[in-house]
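Hi,

Here is the structure I promised to pass on. Have a look at it first, then read my notes underneath.

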Amino acid sequence: MGSPSSSRSSSPISEGSVIGTPSTERSVLFGDAPDSFDDAHEEFVLVTGGLGFIGSHTSLELLKSGHNVIIIDNLSNAFESVLERVVHLAKVYHELQGSVCPTLKFCKLDYRDSEAVSKLLDEFDVRRAHAFSRQSRITGAIHFAAYKAVSESIQIPLKYYRNNVSGLIDFVALLGDYGIKNFIFSSSATVYGSLADRGVPLKEEDCVHHEGVVSHVDGSTRAVKPGCVGITNPYGRTKWMCEAILADLAASDSEWSITALRYFNPIGCDPSGLLGEDPRQIPTNLLPVIVKVMTGEYRQLSVFGSDWDTPDGTAIRDFIHVSDLARGHVAALRSIHQAKSTANFNTFNLGTGTGHSVREVVTAMEAVSEKPIAQALVDRRPGDVGFCVAGVDRSRQELAWKTEKSLEDACRDLYNFLQRGETDVSQVGSSV
Ligand code: UD1
């Protein structure tokens with residue numbers, strides 16, 4: 001979610017320009033009215049912010065893995081035409097598999113609109129005679145809807161605390177009222193703050209919310225204390241605060257099963273070239289900026305810092321293909337549904353475990369596009385760290401999930417998205 005924006009036909013820079021997702025204003029596939037739901041026995045997964053970059057890829061992977069999905073999105077930082085593309089890709093996938101495509105429902109609403117969300121949840125409420133607690137056909141919620149622009153969070157912190165933190169509190173309280181207590185939270189490696197800069201992969205136990213002792217597979221143990229170190233901006237603090245709130249909620253009520261997924265640097269897009277990162281806001285992350293340079297909207301990439309303590313002097317990040325990241329959510333949901341963990345609040349890093357420098361990313365993008373990317377070396381960006389890479393042991397072992405795609409795959413898929421962005425899905429056959 002982001003600041004509301006009217007039309008994509010306005011100035012590309014001031015409104016945050018788009019790469020090419022068609023600006024369908026209304027979906028021809030789905031209505032907004034929650035009272036139109038009639039498939040009374042199906043189970044669903046609720047996805048807030050499900051038309052955004054990570055949300056849309058995750059919704060697609062959920063559909064591919066057989067889950068019915070309800071998306072809530074207020075379209076503040078996404079386009080409704082993405083919905084049509086997700087449906088198209090899911091249908092093509094299931095046609096090829098010879099399987100039945102699950103249902104996708106879309107509600108254009110703000111996840112903070114408790115009245116509207118209640119009305120929606122009523123449709124999925126399972127009323128059992130003499131039952132003490134409510135049950136729902138919604139078997140889990142994945143919460144992406146949040147503001148995420150670091151610089152804006154410094155300028156307008158209350159906007160971030162109101163939406164990301166207050167919004168989350170009201171939302172989970174409402175879900176709890178309806179007995180929906182399987183919850184996956186979109187967190188970020190930003191919760192590690194300056195700990196990232198030690199130059200070694202980050203372990204989940206480096207940031208915990210309750211005091212405890214962590215056991216390792218080799219039999220060793222480590223005492224851990226709650227807290228955060230060196231988070232440099234309000235956006236990052238909202239992620240940490242939300243995790244802490246969710247950890248307290250889980251500790252207070254054993255019926256909750258909550259997983260916080262700490263994303264490293266998601267890049268790339270679905271290989272079809274029909275889904276991608278197409279924000280309404282002005283991009284600040286590396287790959288979206290590179291895309292702007294490739295499309296000619298920006299003159300050059302400013303490389304923030306070439307004096308980091310890294311082999312080529314540019315900063316190192318753990319760039320994870322968004323489709324791998326999306327599958328990580330499916331794995332986390334499976335783990336919750338199968339009650340695999342004894343703890344009811346868990347954190348997992350979603351990263352590759354391998355770092356690449358900013359320069360390596362630029363070189364990889366130049367290789368797939370066969371065009372040079374204009375760049376200038378400038379000062380470090382305030383608040384940046386030189387190194388941030390995921391430790392992946394816990395997610396591999398406990399989620400039985402690992403990344404499959406490389407930096408080159410991500411760059412190739414992104415380039416494909418740039419080429420195919422304006423494609424009308426009705427013209428695309430089952431080749432995607
Ligand atoms: C940023 C956020 C982080 C958030 C994450 C989400 C900051 C300080 N951190 O992480 O809180 O969770 O995005 O994806 O913004 N770079 C350039 N030129 C650019 C843009 C980026 O050189 O125009 C460099 C950055 O300095 C950094 C690397 O590319 O070294 C990655 O930057 P970015 O994509 O913004 O991600 P993070 O800073 O890692």
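**Helix pairs, then the ligand**

Helices α1 and α2 run roughly parallel to each other, a label used for angles under 35 degrees (over 145 is roughly antiparallel, 65 to 115 roughly perpendicular, and the rest oblique). Before going on, note that this is a predicted model, in which local features need pLDDT of at least 70 and side-chain atom pairs count only at pLDDT 80 or more, while totals for chains, interfaces and linings use all residues. Residues are numbered from 1 along each chain as its sequence is written, and side-chain values use heavy atoms, with hydrogens and water left out.

Back to that first pair: the axes of α1 (residues 53-64) and α2 (residues 81-97) come within 9 Å and cross at roughly 30 degrees. Axes here are lines fitted to C-alpha atoms, for helices over the stretch in contact, with angles from 0 to 180 degrees between N-to-C directions. Helices (H or I, at least four residues) and strands (E, at least two) are DSSP runs, numbered from the N terminus. α1 passes α2 in a right-handed crossing, meaning the near helix is turned clockwise from the far one by less than a right angle (anticlockwise would be left-handed).

Next come α5 (residues 157-177) and α6 (residues 234-252), whose axes come within 9 Å and cross at roughly 20 degrees. That makes α5 roughly parallel to α6, and their crossing is right-handed.

What about α9 and α11: parallel or oblique? Their axes cross at roughly 50 degrees and come within 9 Å, with α9 spanning residues 358-369 and α11 residues 407-420, so the two are oblique to each other. α9 passes α11 in a right-handed crossing.

Now the ligand. There are 18 residues around it, and L286, S302, R317, R381 and D384 come nearest (a residue counts as near if one of its heavy atoms lies within 4 Å). α7 (286-294) and β12 (301-304) each supply at least two residues of this shell, and β12 gives the largest share, four residues.

Which atoms lie by the ligand's oxygen atoms? A polar side-chain atom of S188 is 2.8 Å from a ligand oxygen, one of N265 is 3.0 Å from a ligand oxygen, and a backbone N or O atom of L286 is 2.7 Å from a ligand oxygen.

Cheers

Definitions and conventions:
Polar contact = N/O pair within 3.5 Å; in protein donor to acceptor, adjacent residues only side chain to side chain.
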